[in-house]
2 protein chains.
Amino acid sequence: MHRHESHDACHTGVGDMLARAEAVCRERGLQFTPLRREVMEAVAEAGKAQGAYDIAETLSAPGKRVAPVSVYRALDFLMQQGLVHRIASRNAFIPCAHGHAPGEGVVFLICRTCGGVDEASSGELEDGLDRTLKRAGFTPAHTILEVEGDCGACRERQQAG
Amino acid sequence: MHRHESHDACHTGVGDMLARAEAVCRERGLQFTPLRREVMEAVAEAGKAQGAYDIAETLSAPGKRVAPVSVYRALDFLMQQGLVHRIASRNAFIPCAHGHAPGEGVVFLICRTCGGVDEASSGELEDGLDRTLKRAGFTPAHTILEVEGDCGACRERQQAG
DNA sequence: GCGGGTTTGTTACAGTGTATCACCGCGGCC
DNA sequence: GGCCGCGGTGATACACTGTAACAAACCCGC
(Lines give C-alpha, C1' and ligand atoms only; values in the text may rest on other atoms or scores of the structure.)
Protein backbone atom coordinates (compact mmCIF):
# COMPACT_ATOMS: atom_id res chain seq x y z
CA MET A 1 0.00 0.00 0.00
CA HIS A 2 2.55 2.57 1.04
CA ARG A 3 6.15 2.65 0.09
CA HIS A 4 8.78 3.17 2.68
CA GLU A 5 8.16 -0.06 4.54
CA SER A 6 11.64 0.03 5.94
CA HIS A 7 14.29 2.66 5.62
CA ASP A 8 16.91 0.24 4.47
CA ALA A 9 14.79 -0.96 1.61
CA CYS A 10 13.44 2.39 0.52
CA HIS A 11 16.57 3.15 -1.47
CA THR A 12 15.49 0.63 -4.04
CA GLY A 13 12.91 3.00 -5.43
CA VAL A 14 15.33 5.72 -6.45
CA GLY A 15 15.76 4.45 -9.98
CA ASP A 16 12.04 4.16 -10.44
CA MET A 17 11.47 7.66 -9.20
CA LEU A 18 14.03 9.10 -11.58
CA ALA A 19 12.57 7.15 -14.44
CA ARG A 20 9.10 8.38 -13.62
CA ALA A 21 10.31 11.95 -13.34
CA GLU A 22 11.97 11.73 -16.72
CA ALA A 23 8.87 10.19 -18.26
CA VAL A 24 6.59 12.84 -16.79
CA CYS A 25 8.74 15.63 -18.14
CA ARG A 26 9.04 14.15 -21.60
CA GLU A 27 5.32 13.54 -21.70
CA ARG A 28 4.61 17.16 -20.82
CA GLY A 29 7.28 18.63 -23.05
CA LEU A 30 9.34 19.93 -20.14
CA GLN A 31 13.06 19.78 -19.57
CA PHE A 32 14.48 17.29 -17.10
CA THR A 33 17.78 19.09 -16.83
CA PRO A 34 20.88 17.76 -15.05
CA LEU A 35 20.28 20.06 -12.10
CA ARG A 36 16.69 18.96 -11.75
CA ARG A 37 17.78 15.37 -12.03
CA GLU A 38 20.42 15.81 -9.34
CA VAL A 39 17.96 17.48 -6.99
CA MET A 40 15.39 14.76 -7.62
CA GLU A 41 18.06 12.17 -6.96
CA ALA A 42 19.21 13.82 -3.74
CA VAL A 43 15.65 13.98 -2.45
CA ALA A 44 14.94 10.41 -3.47
CA GLU A 45 18.13 8.96 -2.02
CA ALA A 46 17.85 10.51 1.40
CA GLY A 47 15.80 8.31 3.70
CA LYS A 48 14.20 11.36 5.22
CA ALA A 49 12.97 14.83 4.44
CA GLN A 50 15.72 17.13 3.24
CA GLY A 51 15.98 20.87 3.68
CA ALA A 52 16.86 22.93 0.63
CA TYR A 53 20.19 23.84 2.16
CA ASP A 54 20.91 20.19 2.90
CA ILE A 55 20.35 19.40 -0.75
CA ALA A 56 22.55 22.27 -1.82
CA GLU A 57 25.33 20.93 0.38
CA THR A 58 24.84 17.40 -0.89
CA LEU A 59 25.17 18.53 -4.49
CA SER A 60 28.10 20.81 -3.85
CA ALA A 61 31.63 19.57 -4.18
CA PRO A 62 34.99 21.27 -4.01
CA GLY A 63 35.05 23.43 -7.09
CA LYS A 64 31.36 23.03 -7.91
CA ARG A 65 29.06 24.97 -5.67
CA VAL A 66 25.29 24.62 -6.02
CA ALA A 67 23.55 27.62 -4.51
CA PRO A 68 20.40 27.14 -2.43
CA VAL A 69 18.47 29.38 -4.77
CA SER A 70 19.10 26.96 -7.62
CA VAL A 71 17.86 24.14 -5.46
CA TYR A 72 14.71 26.08 -4.64
CA ARG A 73 14.00 26.62 -8.31
CA ALA A 74 14.45 22.97 -9.10
CA LEU A 75 12.26 22.03 -6.15
CA ASP A 76 9.54 24.44 -7.28
CA PHE A 77 9.58 22.81 -10.67
CA LEU A 78 9.50 19.30 -9.26
CA MET A 79 6.65 20.21 -6.93
CA GLN A 80 4.62 21.67 -9.77
CA GLN A 81 4.99 18.36 -11.55
CA GLY A 82 3.96 16.48 -8.42
CA LEU A 83 7.31 14.72 -8.17
CA VAL A 84 8.26 16.01 -4.74
CA HIS A 85 6.26 17.26 -1.77
CA ARG A 86 6.99 19.92 0.76
CA ILE A 87 6.59 19.10 4.43
CA ALA A 88 5.41 22.38 5.91
CA SER A 89 6.06 21.42 9.50
CA ARG A 90 9.70 20.70 8.74
CA ASN A 91 10.50 23.11 5.93
CA ALA A 92 11.75 20.08 4.08
CA PHE A 93 11.10 18.04 0.97
CA ILE A 94 10.42 14.40 0.13
CA PRO A 95 9.99 12.48 -3.10
CA CYS A 96 6.44 11.62 -4.05
CA ALA A 97 6.02 7.93 -3.49
CA HIS A 98 2.85 7.23 -5.43
CA GLY A 99 1.44 9.06 -8.34
CA HIS A 100 -1.59 10.91 -7.00
CA ALA A 101 -4.02 12.85 -8.97
CA PRO A 102 -3.13 16.50 -8.44
CA GLY A 103 -5.10 17.87 -5.52
CA GLU A 104 -5.90 14.47 -4.13
CA GLY A 105 -5.81 14.38 -0.37
CA VAL A 106 -2.67 12.92 1.13
CA VAL A 107 -1.56 12.50 4.72
CA PHE A 108 2.11 12.76 5.56
CA LEU A 109 3.21 10.50 8.40
CA ILE A 110 6.40 11.90 9.87
CA CYS A 111 8.33 9.67 12.24
CA ARG A 112 9.97 11.72 14.95
CA THR A 113 12.45 8.93 15.65
CA CYS A 114 13.84 7.96 12.25
CA GLY A 115 12.75 11.08 10.40
CA GLY A 116 11.19 9.04 7.62
CA VAL A 117 8.05 10.30 5.95
CA ASP A 118 5.35 8.04 4.62
CA GLU A 119 2.36 9.02 2.53
CA ALA A 120 -1.09 7.68 3.12
CA SER A 121 -4.38 8.51 1.54
CA SER A 122 -7.89 7.61 2.53
CA GLY A 123 -11.16 8.24 0.83
CA GLU A 124 -12.96 7.99 4.13
CA LEU A 125 -10.77 10.69 5.60
CA GLU A 126 -11.22 12.89 2.59
CA ASP A 127 -14.98 12.52 2.71
CA GLY A 128 -14.99 13.49 6.35
CA LEU A 129 -12.96 16.58 5.60
CA ASP A 130 -15.20 17.53 2.69
CA ARG A 131 -18.28 17.31 4.87
CA THR A 132 -16.65 19.30 7.65
CA LEU A 133 -15.68 22.03 5.22
CA LYS A 134 -19.12 22.11 3.65
CA ARG A 135 -20.70 22.48 7.07
CA ALA A 136 -18.42 25.41 7.76
CA GLY A 137 -19.27 26.98 4.41
CA PHE A 138 -15.64 26.90 3.36
CA THR A 139 -14.36 26.22 -0.15
CA PRO A 140 -10.99 24.49 -0.02
CA ALA A 141 -8.19 25.19 -2.44
CA HIS A 142 -5.26 23.48 -0.79
CA THR A 143 -4.94 21.22 2.25
CA ILE A 144 -2.00 20.43 4.49
CA LEU A 145 -2.32 17.31 6.61
CA GLU A 146 0.78 16.20 8.46
CA VAL A 147 1.00 13.87 11.43
CA GLU A 148 4.08 13.61 13.58
CA GLY A 149 4.51 10.48 15.64
CA ASP A 150 6.19 7.09 15.63
CA CYS A 151 6.20 4.70 12.71
CA GLY A 152 5.63 1.01 13.26
CA ALA A 153 9.23 0.04 12.60
CA CYS A 154 10.62 2.46 15.16
CA ARG A 155 8.07 1.47 17.77
CA GLU A 156 9.05 -2.19 17.42
CA ARG A 157 12.71 -1.34 17.51
CA GLN A 158 12.23 0.60 20.74
CA GLN A 159 10.30 -2.21 22.39
CA ALA A 160 12.87 -4.78 21.30
CA GLY A 161 15.93 -2.69 22.28
CA MET B 1 -20.54 26.49 16.33
CA HIS B 2 -17.44 28.40 15.32
CA ARG B 3 -16.45 31.88 16.26
CA HIS B 4 -15.35 34.32 13.68
CA GLU B 5 -18.60 34.45 11.75
CA SER B 6 -17.69 37.82 10.37
CA HIS B 7 -14.46 39.69 10.67
CA ASP B 8 -16.11 42.86 11.76
CA ALA B 9 -17.77 41.20 14.69
CA CYS B 10 -14.85 39.10 15.77
CA HIS B 11 -13.30 41.92 17.74
CA THR B 12 -15.97 41.49 20.37
CA GLY B 13 -14.30 38.43 21.77
CA VAL B 14 -11.03 40.09 22.72
CA GLY B 15 -12.09 40.82 26.27
CA ASP B 16 -13.30 37.27 26.74
CA MET B 17 -10.05 35.87 25.44
CA LEU B 18 -7.98 37.99 27.79
CA ALA B 19 -10.19 37.04 30.69
CA ARG B 20 -9.86 33.40 29.87
CA ALA B 21 -6.09 33.67 29.51
CA GLU B 22 -5.84 35.34 32.88
CA ALA B 23 -8.07 32.72 34.47
CA VAL B 24 -6.08 29.86 32.96
CA CYS B 25 -2.81 31.26 34.28
CA ARG B 26 -4.13 31.93 37.76
CA GLU B 27 -5.62 28.48 37.86
CA ARG B 28 -2.29 26.88 36.93
CA GLY B 29 -0.16 29.10 39.13
CA LEU B 30 1.53 30.81 36.18
CA GLN B 31 2.29 34.46 35.60
CA PHE B 32 0.18 36.43 33.17
CA THR B 33 2.74 39.19 32.88
CA PRO B 34 2.19 42.52 31.09
CA LEU B 35 4.22 41.36 28.11
CA ARG B 36 2.26 38.14 27.79
CA ARG B 37 -0.95 40.09 28.12
CA GLU B 38 0.07 42.52 25.41
CA VAL B 39 1.04 39.72 23.05
CA MET B 40 -2.22 37.90 23.73
CA GLU B 41 -4.08 41.13 23.11
CA ALA B 42 -2.26 41.83 19.85
CA VAL B 43 -3.01 38.34 18.57
CA ALA B 44 -6.63 38.54 19.66
CA GLU B 45 -7.27 41.99 18.21
CA ALA B 46 -5.89 41.32 14.76
CA GLY B 47 -8.57 39.89 12.51
CA LYS B 48 -6.05 37.56 10.94
CA ALA B 49 -2.97 35.52 11.68
CA GLN B 50 -0.04 37.61 12.86
CA GLY B 51 3.62 36.93 12.35
CA ALA B 52 5.90 37.28 15.35
CA TYR B 53 7.58 40.28 13.78
CA ASP B 54 4.21 41.88 13.09
CA ILE B 55 3.37 41.55 16.76
CA ALA B 56 6.72 42.97 17.77
CA GLU B 57 6.06 45.97 15.57
CA THR B 58 2.54 46.39 16.90
CA LEU B 59 3.78 46.44 20.47
CA SER B 60 6.71 48.71 19.79
CA ALA B 61 6.37 52.45 20.11
CA PRO B 62 8.84 55.29 19.88
CA GLY B 63 11.03 54.82 22.93
CA LYS B 64 9.71 51.36 23.76
CA ARG B 65 10.98 48.63 21.49
CA VAL B 66 9.74 45.07 21.89
CA ALA B 67 12.19 42.64 20.35
CA PRO B 68 10.91 39.68 18.33
CA VAL B 69 12.67 37.29 20.65
CA SER B 70 10.51 38.51 23.52
CA VAL B 71 7.43 37.99 21.42
CA TYR B 72 8.51 34.45 20.60
CA ARG B 73 8.94 33.65 24.25
CA ALA B 74 5.52 34.98 25.10
CA LEU B 75 4.02 33.07 22.17
CA ASP B 76 5.71 29.84 23.27
CA PHE B 77 4.19 30.31 26.69
CA LEU B 78 0.74 31.08 25.34
CA MET B 79 0.89 28.09 22.99
CA GLN B 80 1.85 25.76 25.82
CA GLN B 81 -1.23 26.96 27.65
CA GLY B 82 -3.36 26.42 24.55
CA LEU B 83 -4.26 30.09 24.31
CA VAL B 84 -2.84 30.68 20.86
CA HIS B 85 -2.21 28.42 17.88
CA ARG B 86 0.52 28.47 15.32
CA ILE B 87 -0.43 28.28 11.65
CA ALA B 88 2.41 26.31 10.12
CA SER B 89 1.60 27.18 6.54
CA ARG B 90 1.80 30.89 7.32
CA ASN B 91 4.38 31.07 10.07
CA ALA B 92 1.79 33.02 11.97
CA PHE B 93 -0.28 32.92 15.13
CA ILE B 94 -3.95 33.17 16.00
CA PRO B 95 -5.87 33.22 19.27
CA CYS B 96 -7.57 30.01 20.23
CA ALA B 97 -11.26 30.52 19.71
CA HIS B 98 -12.72 27.66 21.70
CA GLY B 99 -11.23 25.84 24.62
CA HIS B 100 -10.26 22.46 23.24
CA ALA B 101 -9.03 19.59 25.19
CA PRO B 102 -5.28 19.51 24.61
CA GLY B 103 -4.52 17.26 21.68
CA GLU B 104 -8.02 17.40 20.31
CA GLY B 105 -8.15 17.50 16.56
CA VAL B 106 -8.75 20.89 15.05
CA VAL B 107 -8.92 22.07 11.46
CA PHE B 108 -7.74 25.56 10.61
CA LEU B 109 -9.67 27.19 7.78
CA ILE B 110 -7.53 29.92 6.29
CA CYS B 111 -9.22 32.34 3.93
CA ARG B 112 -6.85 33.42 1.20
CA THR B 113 -8.93 36.50 0.51
CA CYS B 114 -9.49 38.09 3.92
CA GLY B 115 -6.72 36.25 5.74
CA GLY B 116 -9.06 35.27 8.55
CA VAL B 117 -8.61 31.92 10.23
CA ASP B 118 -11.47 29.88 11.57
CA GLU B 119 -11.26 26.75 13.67
CA ALA B 120 -13.47 23.76 13.10
CA SER B 121 -13.49 20.36 14.68
CA SER B 122 -15.26 17.21 13.71
CA GLY B 123 -15.48 13.87 15.42
CA GLU B 124 -16.18 12.20 12.10
CA LEU B 125 -13.02 13.62 10.62
CA GLU B 126 -11.01 12.63 13.65
CA ASP B 127 -12.31 9.08 13.53
CA GLY B 128 -11.38 8.82 9.89
CA LEU B 129 -7.88 10.01 10.63
CA ASP B 130 -7.52 7.61 13.54
CA ARG B 131 -8.51 4.68 11.37
CA THR B 132 -6.18 5.74 8.59
CA LEU B 133 -3.28 6.00 11.02
CA LYS B 134 -4.09 2.66 12.58
CA ARG B 135 -4.13 1.02 9.18
CA ALA B 136 -0.71 2.49 8.49
CA GLY B 137 0.60 1.30 11.85
CA PHE B 138 1.44 4.84 12.85
CA THR B 139 1.13 6.26 16.36
CA PRO B 140 0.30 9.97 16.22
CA ALA B 141 1.71 12.51 18.61
CA HIS B 142 0.77 15.77 16.94
CA THR B 143 -1.36 16.63 13.92
CA ILE B 144 -1.37 19.65 11.65
CA LEU B 145 -4.47 20.13 9.55
CA GLU B 146 -4.77 23.39 7.68
CA VAL B 147 -7.00 24.19 4.73
CA GLU B 148 -6.48 27.24 2.58
CA GLY B 149 -9.41 28.45 0.53
CA ASP B 150 -12.28 30.91 0.56
CA CYS B 151 -14.55 31.51 3.51
CA GLY B 152 -18.28 31.89 2.99
CA ALA B 153 -18.32 35.61 3.66
CA CYS B 154 -15.66 36.34 1.08
CA ARG B 155 -17.29 34.13 -1.51
CA GLU B 156 -20.59 35.99 -1.13
CA ARG B 157 -18.85 39.31 -1.24
CA GLN B 158 -17.13 38.39 -4.49
CA GLN B 159 -20.34 37.18 -6.10
CA ALA B 160 -22.17 40.33 -5.01
CA GLY B 161 -19.39 42.79 -5.92
C1' DG C 1 23.55 33.32 -37.40
C1' DC C 2 19.65 35.56 -34.86
C1' DG C 3 15.90 36.35 -31.75
C1' DG C 4 13.36 34.80 -27.93
C1' DG C 5 12.25 31.88 -24.31
C1' DT C 6 13.94 28.99 -20.53
C1' DT C 7 17.43 27.64 -17.28
C1' DT C 8 21.20 28.63 -14.31
C1' DG C 9 24.72 31.54 -11.63
C1' DT C 10 25.47 35.19 -8.53
C1' DT C 11 24.63 38.60 -5.23
C1' DA C 12 21.97 40.69 -2.14
C1' DC C 13 18.40 40.79 0.94
C1' DA C 14 13.95 39.84 3.64
C1' DG C 15 11.68 36.86 6.91
C1' DT C 16 11.70 33.37 10.60
C1' DG C 17 13.51 31.44 14.63
C1' DT C 18 17.16 30.26 18.29
C1' DA C 19 21.35 30.69 21.46
C1' DT C 20 23.62 33.21 24.79
C1' DC C 21 24.52 36.24 28.34
C1' DA C 22 23.37 39.94 31.39
C1' DC C 23 20.04 42.20 34.12
C1' DC C 24 15.89 42.86 36.83
C1' DG C 25 12.37 41.85 40.20
C1' DC C 26 10.53 39.17 43.55
C1' DG C 27 10.07 35.90 47.17
C1' DG C 28 12.16 32.90 50.55
C1' DC C 29 15.66 32.31 53.96
C1' DC C 30 19.27 33.03 57.20
C1' DG D 1 18.77 43.80 56.24
C1' DG D 2 21.57 40.94 53.18
C1' DC D 3 21.77 36.92 50.38
C1' DC D 4 20.32 33.60 47.14
C1' DG D 5 17.62 31.45 43.63
C1' DC D 6 14.59 31.63 39.97
C1' DG D 7 11.62 33.04 36.37
C1' DG D 8 11.03 36.74 33.10
C1' DT D 9 12.93 40.25 30.16
C1' DG D 10 16.40 42.91 27.25
C1' DA D 11 19.84 42.84 23.95
C1' DT D 12 23.01 41.10 20.68
C1' DA D 13 24.32 37.90 17.63
C1' DC D 14 23.55 34.33 14.73
C1' DA D 15 21.49 30.30 11.96
C1' DC D 16 18.06 28.87 8.90
C1' DT D 17 14.53 29.60 5.21
C1' DG D 18 13.12 31.79 1.21
C1' DT D 19 12.82 35.54 -2.54
C1' DA D 20 14.17 39.50 -5.77
C1' DA D 21 16.88 41.15 -9.41
C1' DC D 22 20.03 40.91 -12.94
C1' DA D 23 23.42 38.79 -15.89
C1' DA D 24 25.14 34.93 -18.44
C1' DA D 25 24.52 30.50 -20.74
C1' DC D 26 21.72 27.46 -23.27
C1' DC D 27 18.45 25.66 -26.57
C1' DC D 28 15.36 25.78 -30.39
C1' DG D 29 13.02 27.35 -34.31
C1' DC D 30 13.48 30.44 -38.09
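## Exercises on a predicted protein–DNA model

In this predicted model, the side chains of A:Arg37 and A:Glu22 form a salt bridge with an N to O distance of 3.5 Å.

**Exercise 1. Determine which elements of chain A are tied together by the pair A:Arg37 and A:Glu22.**

Solution. Step 1: apply the cut-off. A salt bridge requires a side-chain nitrogen of Lys or Arg within 4 Å of a carboxyl oxygen of Asp or Glu, and the pair A:Arg37 and A:Glu22 stands at 3.5 Å.

Step 2: place the residues. A:Arg37 belongs to helix H2 of chain A and A:Glu22 to helix H1 (residues 14-28) of chain A, so the salt bridge links parts that are 15 residues apart in sequence.

Step 3: set the pair in context. Over all chains, the structure holds 10 salt bridges.

**Exercise 2. Describe the interface between chain A and chain B in terms of contacts, buried area and composition.**

Solution. Step 1: count the residues. On chain A, 35 residues are in contact with 35 residues of chain B.

Step 2: consider the area. About 2,800 Å² is buried between chain A and chain B, and carbon and sulfur atoms give 63% of this area. Of the area that chain A buries against chain B, 20% is supplied by A:Glu124, A:Phe138 and A:Ile144, more than by any other three residues.

Step 3: list the polar interactions. There are 2 salt bridges between chain A and chain B. One of them joins A:Arg131 to B:Glu124, with the closest N and O atoms 2.5 Å apart. In addition, 18 residue pairs are found in polar contact across the interface, with both residues at pLDDT 80 or more.

Step 4: assign the contacting side of chain A to its elements. Strand S3 (107-111), helix H5 (123-136), strand S5 (139-150) and helix H6 (152-160) of chain A each give two or more residues to the side that touches chain B. S5(A) provides the largest share, 12 residues. Sorted by class, this side of chain A comprises 16 nonpolar, 11 polar and 8 charged residues.

**Exercise 3. Establish how S5(A) pairs with strand S5 of chain B, and identify the other pairings that involve chain B.**

Solution. Step 1: take the pairing between the chains. S5(A) and strand S5 (residues 139-150) of chain B run antiparallel and are joined by 11 bridges.

Step 2: examine individual bridges. A:Pro140 has B:Gly149 as its bridge partner in S5(B), and A:Gly149 has B:Pro140.

Step 3: continue within chain B. Strand S3 (residues 107-111) of chain B pairs with S5(B) in the parallel sense over 4 bridges. Here B:Cys111 is bridged to B:Gly149, the residue that also partners A:Pro140.

Step 4: turn to the hairpin. Strand S1 (residues 84-87) and strand S2 (residues 92-95) of chain B are antiparallel, with 4 bridges between them. B:Ile87 finds its bridge partner in B:Ala92 of S2(B). The hairpin has 4 residues between the strands, and B:Asn91 takes a positive phi near 50°.

**Exercise 4. Characterise the protein surface near DNA strand C.**

Solution. Step 1: identify the neighbours. DNA strand C has 13 residues around it, of which A:Thr33, A:Val69, A:Arg73, B:Tyr72 and B:Arg86 come nearest. Of the atoms of DNA strand C within 4 Å of the protein, 47% are accounted for by sugar and phosphate.

Step 2: separate phosphate from base contacts. Polar side-chain atoms lie 2.4 Å from a phosphate oxygen of DNA strand C for A:Thr33 and 2.5 Å from a phosphate oxygen for B:Arg86. For B:Tyr53, a polar side-chain atom lies 3.0 Å from a base nitrogen.

Step 3: classify the surface. Helix H2 (34-45) and helix H4 (68-80) of chain A, together with helix H4 (68-80) of chain B, each supply at least two residues. The classes are 5 nonpolar, 4 polar and 4 charged residues.

**Exercise 5. Carry out the corresponding analysis for DNA strand D.**

Solution. Step 1: identify the neighbours. Among the 13 residues surrounding DNA strand D, the closest are A:Tyr53, A:Tyr72, A:Arg86, B:Thr33 and B:Arg73. Sugar and phosphate make up 48% of the atoms of DNA strand D that come within 4 Å of the protein.

Step 2: separate the contacts. A side-chain N or O atom of A:Tyr53 is 3.1 Å from a base nitrogen of DNA strand D. Phosphate oxygens of this strand lie 2.6 Å from a polar side-chain atom of B:Thr33 and 3.1 Å from one of B:Ser70.

Step 3: classify the surface. H4 of chain A, with helix H2 (34-45) and H4 of chain B, are the elements that give two or more residues. By class, the surface near DNA strand D has 5 nonpolar, 4 polar and 4 charged residues.

Methods:
Residues are numbered from 1 along each chain as its sequence is written. Chains are lettered from A and ligands numbered from 1 in the order in which they are written. This is a predicted model: local features need pLDDT of at least 70, side-chain atom pairs count only at pLDDT 80 or more; totals for chains, interfaces and linings use all residues. Side-chain values use heavy atoms; hydrogens and water are left out. Contact means heavy atoms within 4.5 Å. Buried area is the accessible area (1.4 Å probe) that two parts lose on being put together, summed over both. A polar contact is a pair of N or O atoms within 3.5 Å; within protein, one must be able to donate a hydrogen and the other to accept it, and residues adjacent in sequence count only if both atoms are side-chain atoms. Ala, Val, Leu, Ile, Met, Phe, Trp, Tyr, Cys and Pro count as nonpolar, Asp, Glu, Lys and Arg as charged, and the others, Gly among them, as polar. Two strands pair if DSSP finds at least two bridges between them. A residue is near a molecule or strand if one of its heavy atoms lies within 4 Å of it.
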